[in-house]
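Here is a short set of questions and answers on empty space and surface. Look at the structure, then read on.

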Amino acid sequence: MNALDAVEKRALGGSGPTTEAAGPWRSNRSWLTPVLFLVPGTFLFLLIIVVPIGQSLWISLHDWDGFEQPVWLGLDNYRELLGDPQFTTALRNNVIWLVLFMVAPPAGLAIALMLNQAIRGMRIAKSLFFIPLVLAPVTVGVVFTWFYDPTFGVLALVFQAFGATGPALLSDERLVTFAVVIAALWPQIAFCMVLFLAGLNNLSEDVLSAGRVDGARGWRLFWHVVLPQLRQVGFIAVVITVIGALRSFDMIAVMTQGGPFGSSSVLAYLMYEQAIFSYRFGYGAAIASVLFLIMAVFIAWYLRRMLRLEREAA
Amino acid sequence: MFPRPLPDDASAQRFLYMSLVAVVLALWLLPLLAIMATSFRTMDDLMRGNYWGWPERIAWLDNYRDVFTQTPMARFFLNSLVITLPSVAFVLTLSTLMGFVLSRYRFPGATLLFAVFVAGNFVPHQILMIPVRDMMLRAGVYDTFFALILFHTAFQTGFATLFMRNFIAALPQELFEAARAEGASPFQVLAHVVVPLIRPALAALAILTFTFIWNDYFWAIVLTQSDAVKPVTAGLANLRGQYVSAWNLVAAATIVVAVPPVVMFFLMQKHFVAGLTMGAVKG
């Protein structure tokens, strides 16, 4: 290593020795270092995330209580699922979650449009609108359980103001899922709002003013000029919302425990219940596998699009 | 800008607009405000059914003091820190190493590896539950901090790697060429070129990861059993079961659980939002 190199190294902040023996490490480090960088993270991810997916699929083909030797069942767990009314309810509730959650992207966009003004105090308002997003789902669950309480909750108060009796949302079989979904929408809308605020911030001024020069205003400008530019953000918002809807577990565990009578359960909760409380690990794994396969469709959709964008960018 | 900005001189119009925003905001935060108000109420009030009337006495800090002295919440709070802080440090380290390699080197299988990390982020946790729980039991670490730290580190590394890879890929190519021309080793490039430039990304990632791990509930109940290990989220859920009528106490505990992520968010708002929206906006 010559003197100039050493000077420049120091400028870079380097403090490497100025004389190094050309051992096997030095001659191979250009490819060995990156490999070593990849190994710990990849190993951990494979061990704890990837391999267990395969193991769960495998366990789903067995009868297993978590202690004894698993007994091979083939597809029997899945056959049993088809005739299990609990499963049907959970699956139906997952669909309800999915459909109702689709309110989040447009609602988030609406709030983002409202907040996208440069007025004094707006920055604070924006931050306060974000708050539900950083709360733990457990926190949101407790907050809404209090809010919904039929005798003294805020909601009951509103009903009383109109001389009516507040509904017991969380103990009503027909309403309970909707009540939990509305609570879960709170942080989800905030999330979509953040995404759309960022999207609005990145609109092309040129295209906007061109649209304005052409006489487009209000709704027409929004529909034909703004919305097309928000497509990428919108896609991400929809994907995150879908995943969020299918993943829901915490709020149900905290607000209803799947009740009353299993009416608010979803696949994620039913799986937990079957495995932890009934020691039916094989059956639980089968429920998890169904949920995983449903989500795999969306994951594949997202990956395809992401990789295509990557290729275009490259 | 869309919608069209309100003109600077229309002060009446601006005031009206801001008032409307304030009303919507109050409605938006109503559930949270309600629980906050309850956290300042006395037990006597609740016993007499005075839930929303003017409090007989405002218990400014009594409930909060009780949460820390009468319930195990102080313990749970500490547990959460013991779980969250090392996990965040590990995630940042691993994802920086991997993000660097995935963004700067071409090798067979790079895209596949990357796709696996991204997909791994989105899987439902339940598909991992039985094997991961079993693994921790067999390894003898079930119901220890280590089990939760290990899981969170592995899981968050998926998202974090995607994040760091995109960030490092956006750094100017010339920097790397210059470093290579000088014969810098990969480690030197990472330590002296990359790390100083990715501080904002590390900040964003640190607070996002902190929030995700702090807020976790599922793994808290799947991998722990004893109060000595349980984090705040599981603690709060327990507390609500135990103190069914002491809503003033539950309310205060709820606020206690919410404070760290909210404070982190307000301190590092810019980074937090930049982190969340990364990759969503451009492209």
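**Surface and hollows**

Q: Is A:Leu47 buried, partly exposed or exposed?
A: Buried means under 20% relative accessible area, exposed over 50%, and partly exposed in between (1.4 Å probe, protein chains only). The relative accessibility of A:Leu47 is 34%. Therefore A:Leu47 counts as partly exposed.

Q: What should a reader know about the model and its numbering?
A: This is a predicted model: local features need pLDDT of at least 70, side-chain atom pairs count only at pLDDT 80 or more, totals for chains, interfaces and linings use all residues, and side-chain values use heavy atoms, without hydrogens and water. Residues are numbered from 1 along each chain as its sequence is written, with chains lettered from A and ligands numbered from 1 in the order in which they are written.

Q: Which helix holds A:Leu47?
A: Helices are DSSP runs (H or I, at least four residues), numbered from the N terminus. A:Leu47 sits in chain A, in the helix of residues 24-59. That helix is α2.

Q: What is the volume of the largest cavity?
A: A cavity is a set of points on a 1 Å grid over the protein atoms alone where a 1.4 Å probe fits but cannot get out. A search of the whole structure finds one cavity of 30 Å³ or more. The volume of the largest cavity is about 50 Å³.

Q: Which element gives the largest share of the lining of the largest cavity?
A: Lining residues have an atom within 4 Å of a point. Among them are B:Ser80, B:His152 and B:Trp214. The largest share, three residues, comes from α5(B).

Methods: On a 1 Å grid over the protein atoms alone, a cavity is a set of points where a 1.4 Å probe fits but cannot get out, and a pocket is an open set with protein on both sides within 12 Å along at least five of seven lines; lining residues have an atom within 4 Å of a point. Grid points are joined across faces, edges and corners, and a volume is the space filled by probe spheres set on the points. Helices (H or I, at least four residues) and strands (E, at least two) are DSSP runs, numbered from the N terminus.
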